[in-house]
There are 2 protein chains.
Amino acid sequence: MAIVKMRDVAAHAGVSISTVSKILSGSAAAHQIPAHTIERVRRSASQLGYIPNAVARNLRTQRTREIGIVLGQETYPEAAALTLDGAFLIGLMEAVATCHLPGMVVYPRERSSSIADVARYLDGRIEGLLVRSSTPHHEELLLSLFARSPLPVVAVWTQEVPDTVGFVDVDHRAGAYQAVRHLLDLGHRRIAYVESSPVFEHPHFLARYQGYEQALREAQVTFQPEWHVIGVEQEKIERLLQLPDAVTAIFTPNDVTAGAVATILHTLHRRIPGDISLVGFDDIANADLIAGGLTTVHQPIQEISMQAVRNLIALIGGTPVVECRAVLSTSLIIRNSSAPPATR
Amino acid sequence: MAIVKMRDVAAHAGVSISTVSKILSGSAAAHQIPAHTIERVRRSASQLGYIPNAVARNLRTQRTREIGIVLGQETYPEAAALTLDGAFLIGLMEAVATCHLPGMVVYPRERSSSIADVARYLDGRIEGLLVRSSTPHHEELLLSLFARSPLPVVAVWTQEVPDTVGFVDVDHRAGAYQAVRHLLDLGHRRIAYVESSPVFEHPHFLARYQGYEQALREAQVTFQPEWHVIGVEQEKIERLLQLPDAVTAIFTPNDVTAGAVATILHTLHRRIPGDISLVGFDDIANADLIAGGLTTVHQPIQEISMQAVRNLIALIGGTPVVECRAVLSTSLIIRNSSAPPATR
DNA sequence: CTGAAAGCGCTAACAA
DNA sequence: TTGTTAGCGCTTTCAG
């Protein structure tokens, strides 16, 4: 059996092809088509198992109602991205369903962002694009290519975008502040900041570091340079614990680093939170498995996804860019890895 | 500036629109178009920033070179799916890039699989569909709807499919066998099987259980019914450790359950692997953070993704279904959570 | 070697 | 209230 087309339905129902179109595309009322005709055509369509061809409709209407998203390997840091991406994707799927979009085109991120690569997003398949922030440098380049393109673009997890691009990000600084504040409230005064690579490489991490600093400052704690550890190695963590005034808590700007620190602490026979408290950032899947339940800063992935899709739809619909930008709040999830410092 | 179309390029280069088409769609050689014309047209195209409209091409050629995948919330068990899906998606992206497909359409899974829902996959947008197995019952229903549809479909993580559907799965039974065999080789004789819900609910887990049983049998270990624990609760785990012959190792058919068990063991002050060994299944992201590094059965996600895409492309290309089916092998990843039993 | 013409399946003026 | 007609932007015979 060949594919059923609109003309077949028309013939079967004994009406013209345009009448079928009017009915099936929902403009029947506007054309004052009587109920019995509608009924007859509908019956024919379902009887024949007619499925409208989206490609033809898209060409004719010049709309696809489809949006795209660029994802890929080059996200950073790797493992965190892996786990956050899973949740992010699930969130996006929900958003897509909620907004009644047929689906979402996922594009693998190209290694090099040349102007030629951008062509794939402009070939008419999609009406707008979501760009999931990755390595900052790479990112900037890709986004800058969209600055002068007609395609609506919303970036996720960054705020450094061209004028024409919308974004959704979280308040990294406030999140980190909240986490460190929690440790201070528990009574900690010597709190280390342990990260896997220098803070300055990514705006996220710079902001998180600033939140840490701000919390210390407000609590009148004098920051000690030794507290800022770059590179998660056993000797470095050991050194933190052997300082004349050993730290009693560690804040890491992402959960994967927290996991690595937890493993090292385990090796060093330090108990969490008995001997030392540990707080992370991201609330990745399985954060509850890290260190027996990691206290961490939760990123509202569901909302991020939803907001991203909504903003993109708004941008497509002609809403001014400034209204298609959002910075969401994080929330602190207190689990088992943080407690008051041991008195001694 | 309006969108540049093929006719604009033709005018600019001083040739007809069909000549431009031949050159830009790669059939220039077949039409014996001289190099200088090709050159001229190419130059005009890039000068004008011409990007061919994919929708129009798709309509004309009746091909989209695009494949789809159904993903969604209803995966099972939830957390494992979350983390595996992230890796799966990354793998798919790589496969898509490797196979030179433009992108992949991701569809949110519908709550109800009625025949009407299937229409969305048959509207001409995609040439083939990947279905990621979820709740078994739901799954069967969805796949059965494709049994008589013209759309090529490849299911992932299941082998229970209609005749017309391809699949990619891993050998769950062999994987579990390997894991338990590892424990036996270490000297363990009393090995529990702890799962969160009954084994029979999903073929995966039934197969994993059978692998466990088989390993015990071959090692001449008599299985004790108390070893099979359903539901991860502290009392149940405690009971395992208080048996006259306490178990010395626990195998869980997925890493999330292993993580939960690890947390309970931690609470009970049992050391892993000092007091008890723990082995999981899946090798989810962050498995290295569970129990200080979880020994587990690795699912070759990269290969699964690649094979899924390859099989689907083959099926679209007319390869017989039987050749579009694959069962991949797992591999044991030995980390820190397994060691010989304590001698006493 | 190049171009004219037909048409992929559908929608939306415009007529009737 | 319904049908006729003209395309959407492209590819592909088929003539020239």
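Which residues are the closest to DNA strand C? In this predicted model, A:Met6, A:Tyr50, A:Arg60, B:Lys22 and B:Arg60 are the closest of the 26 residues that surround the strand. The legends below begin with that surface.

**Figure 1. The protein surface near DNA strand C takes residues from α2 and α4 of chain A and from α2 and α4 of chain B.** Each of these four helices supplies at least two residues of the surface. The largest share, 4 residues, comes from α4(A). By class, the surface has 8 nonpolar, 12 polar and 6 charged residues. Sugar or phosphate accounts for 66% of the atoms of DNA strand C within 4 Å of the protein, and bases account for the rest.

**Figure 2. Polar contacts to DNA strand C involve both phosphate oxygens and a base oxygen.** A backbone N or O atom of A:Met6 is placed 2.7 Å from a phosphate oxygen of the strand. From chain B, a polar side-chain atom of B:Thr19 lies 3.0 Å from a phosphate oxygen. B:Lys22 addresses a base instead: a polar atom of the B:Lys22 side chain is 2.4 Å from a base oxygen of DNA strand C.

**Figure 3. DNA strand D has 26 residues around it, and those that come nearest include A:Lys22 and B:Tyr50.** A:Ser16, A:Arg60 and B:Arg60 are also among the residues that come nearest to this strand. Two or more residues of the surface come from each of α2 (17–24) and α4 (54–61) of chain A, and from each of α2 (17–24) and α4 (54–61) of chain B. Here α4(B) gives the most, with 4 residues. The surface near DNA strand D divides into 8 nonpolar, 13 polar and 5 charged residues. Of the strand atoms within 4 Å of the protein, 62% belong to sugar or phosphate, and the rest belong to bases.

**Figure 4. Side chains of A:Lys22, A:Gln62 and B:Ser21 make polar contacts with DNA strand D.** A polar side-chain atom of A:Lys22 is 2.7 Å from a base oxygen of the strand. For A:Gln62, an N or O atom of the side chain is 3.0 Å from a phosphate oxygen. An N or O atom in the side chain of B:Ser21 is 2.8 Å from a phosphate oxygen of DNA strand D.

**Figure 5. Chain A and chain B meet at an interface in which 51 residues of chain B contact 51 residues of chain A.** The two chains bury about 4,500 Å² between them, and 68% of this area is on carbon and sulfur atoms. The interface has 10 residue pairs in polar contact, counting pairs with both residues at pLDDT 80 or more. On the chain B side, at least two residues come from each of α4, α5 (78–98), β2 (104–108) and α11 (255–267). The element that gives the most to this side is α5(B), with 11 residues. By class, the side of chain B that touches chain A comprises 28 nonpolar, 15 polar and 8 charged residues.

**Figure 6. Strand pairing and salt bridges link the two chains.** β2 of chain A (residues 104–108) runs antiparallel to β2(B), and 3 bridges join the two strands. Within this pairing, A:Val105 has B:Val105 as its bridge partner. Across the interface there are 2 salt bridges. The side chains of B:Glu66 and A:Arg125 form a salt bridge with an N to O distance of 3.2 Å.

**Figure 7. A salt bridge joins A:Arg43 and A:Glu39 in helix α3 of chain A.** The N to O distance between the two side chains is 3.0 Å. A:Arg43 and A:Glu39 are 4 residues apart in α3 (residues 35–48), so about one helical turn separates them. Over all chains, the count comes to 16 salt bridges.

**Figure 8. The loop between α11 and β9 of chain A holds A:Pro273 and A:His269.** Most residues other than glycine have a negative phi, and most peptide bonds are trans. The peptide bond joining A:Ile272 and A:Pro273 is cis, with omega about 0 degrees. Phi of A:His269 is positive, near 60 degrees. In chain B, B:Ile272 and B:Pro273 are joined by a cis peptide bond, with omega again about 0 degrees. B:Pro273 lies in the loop between α11 and β9 (277–282) of chain B.

Methods:
Residues are numbered from 1 along each chain as its sequence is written. Chains are lettered from A and ligands numbered from 1 in the order in which they are written. This is a predicted model: local features need pLDDT of at least 70, side-chain atom pairs count only at pLDDT 80 or more; totals for chains, interfaces and linings use all residues. Side-chain values use heavy atoms; hydrogens and water are left out. A residue is near a molecule or strand if one of its heavy atoms lies within 4 Å of it. A polar contact is a pair of N or O atoms within 3.5 Å; within protein, one must be able to donate a hydrogen and the other to accept it, and residues adjacent in sequence count only if both atoms are side-chain atoms. Ala, Val, Leu, Ile, Met, Phe, Trp, Tyr, Cys and Pro count as nonpolar, Asp, Glu, Lys and Arg as charged, and the others, Gly among them, as polar. Contact means heavy atoms within 4.5 Å. Buried area is the accessible area (1.4 Å probe) that two parts lose on being put together, summed over both. A salt bridge is a side-chain nitrogen of Lys or Arg within 4 Å of a carboxyl oxygen of Asp or Glu. Two strands pair if DSSP finds at least two bridges between them.
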